[in-house]
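Here are some notes for a colleague who is coming to this structure without earlier acquaintance. Please keep the sequence and the model open while reading them.

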Amino acid sequence: MAILKTEGLTYTYSAGTPFEKTAVDHVDLTIEDHTMVGVIGHTGSGKSTLMQHFNGLLKPTSGRILLDGQDIWADKARMREVRFAVGLVFQYPEYQLFEETVYKDIAFGPRNMGLPEDEIRSRVLETADALGLSRELLERSPFALSGGQKRRAAIAGVMAMRPRVLILDEPCAGLDPKGRDLMLRQIRDYQRSTQSTVLLVSHSMEDVAEFTEKLLVMSKGRLFTYDDTAAVFRQADALREMGLRVPQIASVMGQLRARGFALPQDIYTVEQARRAMLTLLGKGDAAC
């Protein structure tokens, strides 16, 4: 079942001026519900502009965006409802923290939804637990937290509204490898537990290979492809032509195949490589 759909979506910045630029060009796209989707593309490809259309931050120059089959711009009175249903977390969201305590910051969105206090508290605690924020941290000023904790608190504020669709623009930017891996695992666990749809904008091919089911690829304002993650990475040459690449482990496996090792083509994560190498060595899953 489709949760989001675009029909001929086009957006032009500074239309009618010498600075006119079409950032999204006639995009037709259907995104299924309950899916973890990676969104990739080179800088200027239109991916961030596309994401900002999904919750009405930008209005199409032409075309339509459908949420659950309804045009989000058909009735402007519904836009508040749309923005609760489609949550958008910008890159470096910790700069948007502003409340006295972490608890109040996470509660801000649910409170704006008009929820009762007991429901707000339940959502704050549930989301904080999901992102590894202790109860003790909830009573601190958000500005007293570490960088990674601030990032989690800011993302928790959107998650606590329980949007049908959660859009995350480079949520791991600036985090160290351990922090990035933890953040992505928490986001994936959230998506699975809530059965929501998550759109993960990322420049890391390794991250989208490991954590997403489908990939949406933008290039020069147009939709290049939207398909299963493995199917997209099979188009390695086309990705390289548009300034992208396949995960590093896929290149390593390709070099091994070129040297005569019988390894499968569709290896894009370290775990897939581990299993393939163990099978090649005749050890199956017995070794760690």
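The points below take up the two sheets, then a helix and a strand, and finally the aromatic pairs.

1. A word of caution comes before the rest: this is a predicted model, and every remark that follows should be read as a description of that model.

2. One open sheet is built from six strands, which follow each other in the order β6-β7-β8-β3-β9-β10 with mixed pairing. Its edge strands, each of which pairs on one side only, are β6 (residues 86-89) and β10 (residues 222-228). On average, and with direction ignored, neighbouring strands of this sheet are turned by 15 degrees against each other.

3. Within the six-stranded sheet, β3 and strand β9 (residues 214-219) run parallel and are joined by four bridges. For orientation, Gly38 has Leu215 of β9 as its bridge partner. Helix α1 (residues 47-54) packs on this sheet, where it touches β3, β6, β7, β8 and β9, and the direction of the helix makes about 155 degrees with that of β8.

4. Strand β9 deserves a closer look, because six of its six residues are buried, so that the strand is largely enclosed by the rest of the structure. Lys214, Leu216 and Met218 point one way from β9, while Leu215, Val217 and Ser219 point the other way, and all of them are buried. A reader may wish to note that Lys214 and Ser219 are part of this buried set.

5. How does β9 pair with β10, and over how many bridges? The two strands pair in the antiparallel sense, over six bridges, and Val217 stands opposite Thr225 in β10. The hairpin that they form has two residues between the strands, and in this hairpin Lys220 takes a positive phi near 50 degrees.

6. A second open sheet has four strands in the order β2-β1-β4-β5, and here the pairing is antiparallel. The edge strands are β2 (residues 21-32) and β5 (residues 70-71), each of them pairing on one side only. Strand β4 (residues 62-67) is joined to β5 by two bridges, the two strands running antiparallel, and Leu66 stands opposite Asp71 in β5. Helix α1 packs on this sheet as well, touching β1, β2 and β4, with its direction at about 120 degrees to that of β1.

7. In strand β1 (residues 2-13), Thr10 may serve as an example. Is Thr10 buried or exposed? Its relative accessibility is 7%, and it therefore counts as buried, the cut-off for that class being under 20%. Leaving aside neighbours within four places in sequence, the residues in contact with Thr10 are Thr22, Val24, Asp25, His26, Pro60, Thr61 and Ser62.

8. Helix α7 (residues 177-194) allows a simple check of length: at 1.5 Å a residue its 18 residues should span 26 Å, and the C-alpha atoms at its ends are 26 Å apart, which agrees. At the start of α7, a side-chain oxygen of Asp176 reaches to within 3.2 Å of the backbone nitrogen of Lys178, whereas just after the helix Gln195 takes a positive phi of about 55 degrees.

9. The buried residues of α7 are Gly179, Met183, Leu184, Gln186, Ile187, Arg188, Tyr190 and Gln191. What covers them includes strands β3 (36-40), β7 (165-169) and β8 (197-201), together with helices α4 (117-130), α6 (147-159) and α8 (205-211).

10. A search of the whole structure finds four aromatic pairs. One of them joins Tyr11 and Tyr13, whose ring centres are 4.8 Å apart and whose planes stand at 90 degrees, so the pair is edge-to-face. Tyr11, at 14% relative accessibility, counts as buried, while Tyr13, at 33%, counts as partly exposed.

11. Phe98 and Phe108 also form an edge-to-face aromatic pair, with 5.1 Å from centre to centre and 90 degrees between the planes. Phe98 lies in the loop between β6 and α3 (102-112) and Phe108 lies in helix α3, so the pair ties together parts that are ten residues apart in sequence. Both rings belong to partly exposed residues, with a relative accessibility of 45% for Phe98 and 35% for Phe108.

Methods
Residues are numbered from 1 along each chain as its sequence is written. This is a predicted model: local features need pLDDT of at least 70, side-chain atom pairs count only at pLDDT 80 or more; totals for chains, interfaces and linings use all residues. Side-chain values use heavy atoms; hydrogens and water are left out. The expected span of a helix is 1.5 Å times one less than its number of residues. Buried means under 20% relative accessible area, exposed over 50%, partly exposed in between (1.4 Å probe, protein chains only). Contact means heavy atoms within 4.5 Å. A polar contact is a pair of N or O atoms within 3.5 Å; within protein, one must be able to donate a hydrogen and the other to accept it, and residues adjacent in sequence count only if both atoms are side-chain atoms. Two strands pair if DSSP finds at least two bridges between them. Axes are lines fitted to C-alpha atoms, for helices over the stretch in contact, and angles run from 0 to 180 degrees between N-to-C directions. Rings of Phe, Tyr and Trp (its six-membered ring) pair if their centres lie within 6.5 Å; planes under 30 degrees apart count as stacked, over 60 as edge-to-face and the rest as tilted.
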